[in-house]
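Work through the following exercises with the sequence and the structure beside you. Try each task before you read its solution.

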Amino acid sequence: MSRIANIEIDDANLPAPTPEIEQERKVAVFDLLEDNSFTLPARDDRPTPEGPYDLTLAIREKRLVFDIKTAARETAAEFHLSLGPFRQVVKDYFQICESYFDAVKTLPPSQIETIDMARRGIHMEGSRILQERLEGKAEIDIDTARRLFTLICVLHFGG
C-alpha cells in the first residue's frame, strides 16, 4: 500500500486563504486521496514502515515539512525541504492564476486557452521541482507531484 491515505494541511498561524485558494486546496486533496503513489525508500538497511501513510504538510521555520505517519500513527519519516527552489515557480504560478481568473471574466476562449496552457506549464515545472527535491526521500509519480505542488502553493500563499 504505497500511497497516502490521509492528508492534513497544517496552516496554523497562516492567513486564511481566499475562496479560490480554498477551492484549489479542496480539489487537490480530493484528487490526491482518490489516486496517488507515494513510496518511502529503504534507508540505512532499516525496514521502511509500510503504508498507507498519513501525511501532514506544513511550513515551519521557512521550510516545507513532510511529516509521514503509518496508519497506526507511528512516525514513518519526516523531512524538511528548503522553500528556496519553489519560490519563483510559486510566484509565477500565482501570477498566471490571477491572469487566468481575470481572463475568464472578459477574454475570448482562445486567449483563455493560451493563458491556461501557460498556467499548466508552470504547474508542471513546480511538480518536477518537487520530484527532484524528494529524490531519495520519497518516490512519487507525476500526478501525485502535481497535486502536492498545488498544496504547497496553498501553504506558500499563507506563508
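**Exercise 1.** State where R73 is placed, find what is unusual about its phi, and identify its salt-bridge partner.

Solution. R73 sits in the loop between β4 and β5, where helices (H or I, at least four residues) and strands (E, at least two) are DSSP runs, numbered from the N terminus. This is a predicted model, in which local features need pLDDT of at least 70 and side-chain atom pairs count only at pLDDT 80 or more, while totals for chains, interfaces and linings use all residues. Residues are numbered from 1 along each chain as its sequence is written, and side-chain values use heavy atoms, with hydrogens and water left out.

The next step is the backbone: phi of R73 is near 70°, a positive value in a residue other than glycine. Most residues other than glycine have a negative phi.

For the side chain, a salt bridge is defined as a side-chain nitrogen of Lys or Arg within 4 Å of a carboxyl oxygen of Asp or Glu. R73 forms such a bridge with D54, and the closest N and O atoms are 3.1 Å apart. Because R73 lies in the loop between β4 (63–70) and β5 (75–82) while D54 belongs to strand β3 (residues 53–60), the pair ties together parts that are 19 residues apart in sequence. D54 has 13% relative accessibility and therefore counts as buried; here buried means under 20% relative accessible area, exposed over 50%, and partly exposed in between, with a 1.4 Å probe and protein chains only.

**Exercise 2.** Decide whether K62 is buried or exposed, and describe its phi.

Solution. Begin with the position of K62, which is in the loop between β3 and β4. The relative accessible area of K62 is 65%, so this residue is exposed. Its phi is near 60°, again a positive value in a residue other than glycine.

**Exercise 3.** Which kind of peptide bond runs from G51 to P52?

Solution. The bond from G51 to P52 has omega near 10° and is cis. P52 itself is found in the loop between β2 and β3. As background, most peptide bonds are trans.

**Exercise 4.** How far apart in helix α3 are D116 and R119, and how many salt bridges does the structure hold?

Solution. The count comes to eight salt bridges, one of which joins D116 and R119, with the closest N and O atoms 2.6 Å apart. Because these two residues are three residues apart in helix α3 (residues 109–134), they are separated by about one helical turn. Both D116 and R119 are buried.

A further bridge connects the side chains of R146 and D143 (3.7 Å, N to O). R146 and D143 are likewise separated by about one helical turn, because they stand three residues apart in helix α4 (residues 142–158). R146, at 31% relative accessibility, is partly exposed, and D143, with 32%, is partly exposed as well. Elsewhere, salt bridges that share partners join D116, R119 and R120 into one network.

**Exercise 5.** What is the geometry of the ring pair Y100 and F101?

Solution. Rings of Phe, Tyr and Trp (its six-membered ring) pair if their centres lie within 6.5 Å, and planes under 30 degrees apart count as stacked, over 60 as edge-to-face and the rest as tilted. The structure holds five aromatic pairs. The ring centres of Y100 and F101 are 6.0 Å apart and their planes meet at 65°, so this pair is edge-to-face.
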